[in-house]
Amino acid sequence: MTRANNSVRLTILSLSLALLALVIPGCTNIKTTSYFTPTTTKLDQYQAVQFENFETEIPNFPEEALSKVPEQAAALLESKNKFKEVKFGKIENIPATDTVVVLGEVSEYTPSSDVSFEGGSLKFGEVAITIKLAIVNKATGDEISTGEVNGFSSLGFMAKDIYESLAEEIVKYILETYQ
């Protein structure tokens, strides 16, 4: 009987862990996607990447996101050690001809709605953001690449992870075009 009890306990434990693995990802439902125009210019020919504050004309857009996303993208890219310098803000010690600038504009924003009780469970507001990006040569202003990053969070905008997810998507593209 002890063997049968251990088998039942193991089965219950396995099912519980499987259920937990399915439930936890749904709690942090942040999705990001991106699309960039193909480019033949490889970013490894540049020494520096400068991130600027993003812009928007959308009223009531959270002001903090205009600096948080590029700031986090700069920090993440800097940790990859691909460029001589990566900075959120002006780069002055590397020639403009060897520097690219990442510019962004929030073009779409669906703000989160209030927390509600639906279907017997607590539902948080959902938020969606689209940021149009341009990577430009600092000296000439010529576009190297353009694209957009989209973020969606079912936890509402205050989830700091949406900033990180958008920053990660931007860095992913920059690294893809590095070589």
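Contact here means heavy atoms within 4.5 Å. The model is a predicted one, so local features need pLDDT of at least 70 and side-chain atom pairs count only at pLDDT 80 or more, while totals for chains, interfaces and linings use all residues. Residues are numbered from 1 along each chain as its sequence is written, and side-chain values use heavy atoms, with hydrogens and water left out.

Start with the overall layout. The protein chain has three helices and nine strands, where helices (H or I, at least four residues) and strands (E, at least two) are DSSP runs numbered from the N terminus. Going along the sequence, they come in the pattern α-β-β-β-α-β-β-β-β-β-β-α. There are 179 residues in the chain, and 35% of them are buried; buried means under 20% relative accessible area, exposed over 50%, and partly exposed in between, with a 1.4 Å probe and protein chains only. The accessible surface comes to about 10800 Å², and carbon and sulfur atoms account for 53% of that. Accessible areas come from the Shrake-Rupley method with a 1.4 Å probe, and for residues only the protein chains shown count as cover. Among contacts between residues at least 6 apart in sequence, 71% join residues at least 24 apart.

Strand E5 turns up in several pairings. Two strands pair if DSSP finds at least two bridges between them. Strand E2 (residues 48-51) runs parallel to E5 (residues 99-110), with four bridges between them, and Ala48 has Thr99 as its bridge partner in E5. Strand E3 (residues 55-56) also pairs with E5 in the parallel sense, this time over two bridges; here Glu55 is matched with Glu105. With E8 the sense is antiparallel, and 10 bridges join it to E5. Gly104 stands opposite Leu133 in E8. In a regular strand the side chains alternate between the two faces of the sheet.

Val102 gives a good view of E5, the strand in which it is found. Val102 is buried, with a relative accessible area of just 2%. Its contacts, not counting residues up to four places away in sequence, are Val49, Gln50, Phe51, Glu52, Leu133, Ala134, Ile135 and Ile174. Take Ala134: it sits 32 residues from Val102 in sequence, yet the two C-alpha atoms are 5.9 Å apart.

Next comes the empty space. Rolling a probe the size of a water molecule over the atoms shows where empty space is left. On a 1 Å grid over the protein atoms alone, a cavity is a set of points where a 1.4 Å probe fits but cannot get out, and lining residues have an atom within 4 Å of a point. Grid points are joined across faces, edges and corners, and a volume is the space filled by probe spheres set on the points. The structure holds one cavity of 30 Å³ or more, and the largest cavity has a volume of about 40 Å³. Its lining is made of 10 residues, with Phe61, Ala65, Val69, Val106 and Ile131 lying nearest the centre. Helix H2 (65-78) and strand E8 (127-137) each supply at least two of the lining residues, and the largest share, three residues, comes from H2. The lining divides into 10 nonpolar residues, no polar and no charged. Ala, Val, Leu, Ile, Met, Phe, Trp, Tyr, Cys and Pro count as nonpolar, Asp, Glu, Lys and Arg as charged, and the others, Gly among them, as polar.

Helix H2 also holds Ser67. Ser67 is partly exposed, at 24% relative accessible area, and touches Asn53 and Phe88, leaving out residues up to four places away in sequence. Between the C-alpha atoms of Ser67 and Phe51, which are 16 residues apart along the chain, the separation is 9.5 Å.

Over in helix H3 (residues 161-176) sits Glu169. Glu169 counts as buried because its relative accessibility is 10%. Neighbours within four places in sequence aside, Glu169 is in contact with Thr32, Thr33, Ser34 and Val149.

Finally, there are two asparagines on either side of H2. Asn60 lies in the loop between E3 and H2, and Asn81 in the loop between H2 and strand E4 (85-88). Asn60 has a positive phi near 65° without being a glycine, and Asn81 likewise has a positive phi, about 55°. Asn60 is exposed, with a relative accessible area of 74%; Asn81 is exposed at 67%.

Terms used: 1 Å grid on protein atoms, 1.4 Å probe; cavity = no way out; pocket = protein on both sides within 12 Å on 5 of 7 lines; lining within 4 Å.
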